[in-house]
Amino acid sequence: MSRLPRPQRLLLALVLIGTGCANSGPVGSWGDDLTDTERTEIAAALPAEAVSQLLPLSEIFYGRITSRRFNSRATFEDPSVRQFFPDVASYSDYYAALVDALDRANIRYNRPTRVELLGVEISETGNLMLDLRFVGRNDLPLRWWNTSLARKDEWRWQEGRWFLVPGKV
């Protein structure tokens with residue numbers, strides 16, 4: 001069997017690596033995992049404007065906190081994240097609880113690499129509970145795989161817009 005020259009071997013390696021990366025695409029689009037039952041319940045419980053805004057706004061919010069060091073002052077003071085809360089106290093409570101949860105889940109640098117929407121349910125108060133999975137690199141020694149955090153975030157439709165409701169700290 002003949003051996004390929006070095007430049008051709010490098011080119012072949014790059015093609016194989018590129019093909020492998022191309023096949024490892026995103027997990028799915030935001031909200032693709034919602035069942036028809038969940039979508040029907042949301043549509044019946046909320047105004048049409050609220051239903052049309054929920055998925056795009058929640059995707060924007062969780063996209064903004066992905067791949068950012070969450071326990072940093074720069075992230076805490078980011079107005080593009082704060083706008084999803086009715087006041088600074090609500091944002092501070094949510095932020096503190098999320099930083100603590102990410103730390104307990106051993107997500108390296110409190111920096112989730114992706115957030116997945118697993119489901120939506122309507123609470124007794126009429127708010128929506130989003131079932132989420134935060135995924136990030138494992139911070140524990142000798143663990144090179146990802147770790148995850150299962151979490152429920154509450155969203156409230158109030159005065160024509162969506163707000164996140166902080167949990168108990």
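**Close-up views of a predicted model**

**View 1. The N-terminal cap of helix 6 and the residues that follow the helix.** In this predicted model, aspartate 87 caps the N-terminal end of helix 6, with a side-chain oxygen 3.4 Å from the backbone nitrogen of alanine 89. Helix 6 comprises the 17 residues 88-104, and because a rise of 1.5 Å a residue predicts a span of 24 Å, the separation of 24 Å between its end C-alpha atoms agrees with expectation. Just after the helix, asparagine 106 adopts a positive phi of about 60 degrees.

**View 2. The buried residues of helix 6 and their surroundings.** Among the buried residues of this helix are Tyr91, Tyr94, Tyr95, Leu98 and Leu102. The buried residues of helix 6 pack against helix 3 (48-65), helix 4 (73-76) and helix 5 (79-82), as well as against strand 2 (128-137), strand 3 (146-158) and strand 4 (161-165).

**View 3. The largest nonpolar core.** Of the 33 residues in this core, Phe61, Tyr62 and Phe134 touch the most other members. Helix 6 gives the most to the core, with 7 residues. Phenylalanine 134 touches, among others beyond four places away in sequence, Tyr62, Ile65, Leu98, Leu102 and Leu149.

**View 4. The open sheet and the helices packed on it.** Four strands form the sheet in the order 1-2-3-4 with antiparallel pairing, and strand 1 and strand 4 are its edge strands. Strand 2 and strand 3 are joined by 10 bridges, and leucine 128 stands opposite tryptophan 155 in strand 3. Helix 2 (residues 36-45) packs on the sheet, touching strand 1 and strand 2, whereas helix 3 touches strand 1, strand 2, strand 3 and strand 4, its direction making about 140 degrees with that of strand 3.

Terms used. Residues numbered from 1 in each chain as written. Predicted model: local features only at pLDDT ≥ 70, side-chain atom pairs only at ≥ 80, totals over all residues. Heavy atoms only, no water. Helix = DSSP H or I, 4+ residues; strand = E, 2+ residues; numbered from the N terminus. Expected span 1.5 Å × (residues − 1). Buried < 20%, exposed > 50% of the residue type's maximum accessible area, 1.4 Å probe, protein only. Contact = heavy atoms within 4.5 Å. Polar contact = N/O pair within 3.5 Å; in protein donor to acceptor, adjacent residues only side chain to side chain. Core = buried A, V, L, I, M, F, W, Y, C linked by side-chain atoms within 4.5 Å. Pairing = 2+ DSSP bridges. Axes fitted to C-alpha atoms, helices over the stretch in contact; angles between N-to-C directions.
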